[in-house]
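The following report describes selected strands, a helix and individual residues of one protein model. Please study the sequence and the structure before reading on.

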Amino acid sequence: MELVKEKYQKTEIGLISSDWKVKSLGECLIKNPDYGINAASVKYNDTLPTYLRITDISESGKYISQNKVSVNHSLSSLYFLDEEDIVFARTGASVGKTYLYKKSDGKLVFAGFLIRAKVNSKILNYQYLYYLTQTKYYWSWVLTNSMRSGQPGINSNEIKLLPIPLPPTLQEQTIIASAISNADTWITNLENLLTKKRQIKQGALQELLKPKKGWVVKKLGEVGECIIGLTYSPDNVTSEGKLVLRSSNVKDNKLVYSDTVFVNVEVSEKLITRKGDILICVRNGSRNLIGKCAYIDGRGVGETFGAFMSVFRSNYNAYIFQVFQSNIIKKQIEEHLGATINQITNKSLNSFQIPFPTIKEQEYIVAILSDMDAEIEQLETKLEKAKKVKQGMMQELLTGKTRLV
């Protein structure tokens, strides 16, 4: 195949290749989009149909089977998904999210907050449509058309109006979908490898941190200091100033800066971050986020941190940071969480007990685990690159700006 740059035309959905057309999704379907069954979910039972809900679809459009449930209704058989069916989330924060059914996901009955579309295979390639729903153009359309006075939503009549840019032949749609599918496979393989590496790291953590002869158990408060973060008001927030590190700045045990807040207030020296500090989420609306942490270095040094965060400061943080990623800390967090308030206090943090080896053994453990972290980080970088490549491909191929001929 040869890549060819094409001339393009201006349409209601933007620039597309000059020989392409725009059709509504409704013109490309076998029948009108239909809603799923309105029924209560029941505990999973392999003798009953599996229920597909909005929460069972990931942000990337994959089926999440970990917490699957069943549905027990006399009409369930009328709502089984078929190969090539695409469902759209029609309400709530996930409105517009899509899932392309695969037989390998098992027999699924789709729920009432989902809309099913059955494409006419003589007009529209089902994979082509699915990849179109992952583009910035599609999500812009969802945002515009899902606005409600209350909860966001899209109904079946509105889904039918979704404009679809189409190349002149069905064969070209198939070629485009196949090329993007290859990129998808690349991404999936990287995700699977990353999951495996993370599991190996967890296994190594548990093994390396098993107490051995000569080790002692110490409380965090005995070896370092927990420092609660800065309290500030909305009036203190500015476009520049001192960066306030918050829960949103911690992802996968690393600092990220996609969501930043700056304040213009006097900050005490104690609340200025230092290289080697461990930044810990100690209060959050989600219990699952309590205890997530990051090692302060690079850009994170010399900033401050918010009141829902704490910093742990000691001479042993390279080792303690690894312990924070293990079940040793996670179990103690669960034991100290309040029944109604999702937080751990500095008093609780100071009481956490960890196994302490000699300095030489600490260095050995940190070296092994840091090598694993570096390998995981390399894979994460490759994965982000692969996702950007896919987005770029979709932008070019699904508008005909680049043709595969």
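The side chain of Arg-313 reaches the backbone oxygen of Ile-272 at 3.2 Å, a polar contact (a pair of N or O atoms within 3.5 Å; within protein, one must be able to donate a hydrogen and the other to accept it, and residues adjacent in sequence count only if both atoms are side-chain atoms). The model is predicted: local features need pLDDT of at least 70, side-chain atom pairs count only at pLDDT 80 or more, and totals for chains, interfaces and linings use all residues. Residues are numbered from 1 along each chain as its sequence is written, and side-chain values use heavy atoms, with hydrogens and water left out.

Arg-313 belongs to strand β24. Helices (H or I, at least four residues) and strands (E, at least two) are DSSP runs, numbered from the N terminus. Arg-313 counts as buried because its relative accessibility is 12%; buried means under 20% relative accessible area, exposed over 50%, and partly exposed in between (1.4 Å probe, protein chains only). When neighbours within four places in sequence are left aside, the residues in contact with Arg-313 include Gly-224, Glu-225, Lys-270 and Asp-277. Contact means heavy atoms within 4.5 Å.

Strand β24 spans residues 309-314, and six of its six residues are buried. In a regular strand the side chains alternate between the two faces of the sheet. In β24, Met-309, Val-311 and Arg-313 point one way, while Ser-310, Phe-312 and Ser-314 point the other way.

Which strands pair with β24 in the antiparallel sense? Strand β15 (residues 224-228) does so over five bridges, and strand β21 (residues 278-281) is joined to β24 by four bridges. Two strands pair if DSSP finds at least two bridges between them. Elsewhere, strand β17 (residues 242-245) pairs in the antiparallel sense with strand β20 (residues 262-263) and in the parallel sense with strand β23 (residues 304-305). The table lists pairings with their residue partners.

| Strands | Sense and bridges | Residue partners |
|---|---|---|
| β15 and β24 | antiparallel, five bridges | Ile-228 and Ser-310 |
| β21 and β24 | antiparallel, four bridges | Leu-279 and Val-311 |
| β17 and β20 | antiparallel, two bridges | Leu-243 and Phe-262 |
| β17 and β23 | parallel, two bridges | Leu-245 and Phe-305 |
| β7 and β11 | parallel, three bridges | Tyr-51 and Val-109 |

The pair β7 and β11 is part of an open sheet of four strands in the order β6-β8-β7-β11, with mixed pairing. Strands β6 (41-42) and β11 (108-110) stand at the edges with a single partner strand each, so one side of each is left without a neighbour in the sheet.

Asn-38 lies in the loop between β5 (34-35) and β6. This residue counts as exposed because its relative accessibility is 66%. Apart from neighbours within four places in sequence, Asn-38 is in contact with Tyr-51 and Gly-112. Asn-38 and Val-216 are 178 residues apart in sequence and 57 Å apart in space, C-alpha to C-alpha.

Helix α7 (residues 327-336) has the buried residues Ile-329, Gln-332 and Ile-333. Seen down the axis of α7, these buried residues fall within an arc of 105 degrees, so they line one face of the helix; the arc is that of the directions from the helix axis to the C-beta atoms. An α-helix has 3.6 residues a turn, so residues three or four places apart point the same way. The buried residues of α7 pack against α6 (317-323), α8 (346-351) and β25 (353-356). The face turned away from the buried side of α7 carries the exposed residues Lys-331, Glu-334 and Glu-335.
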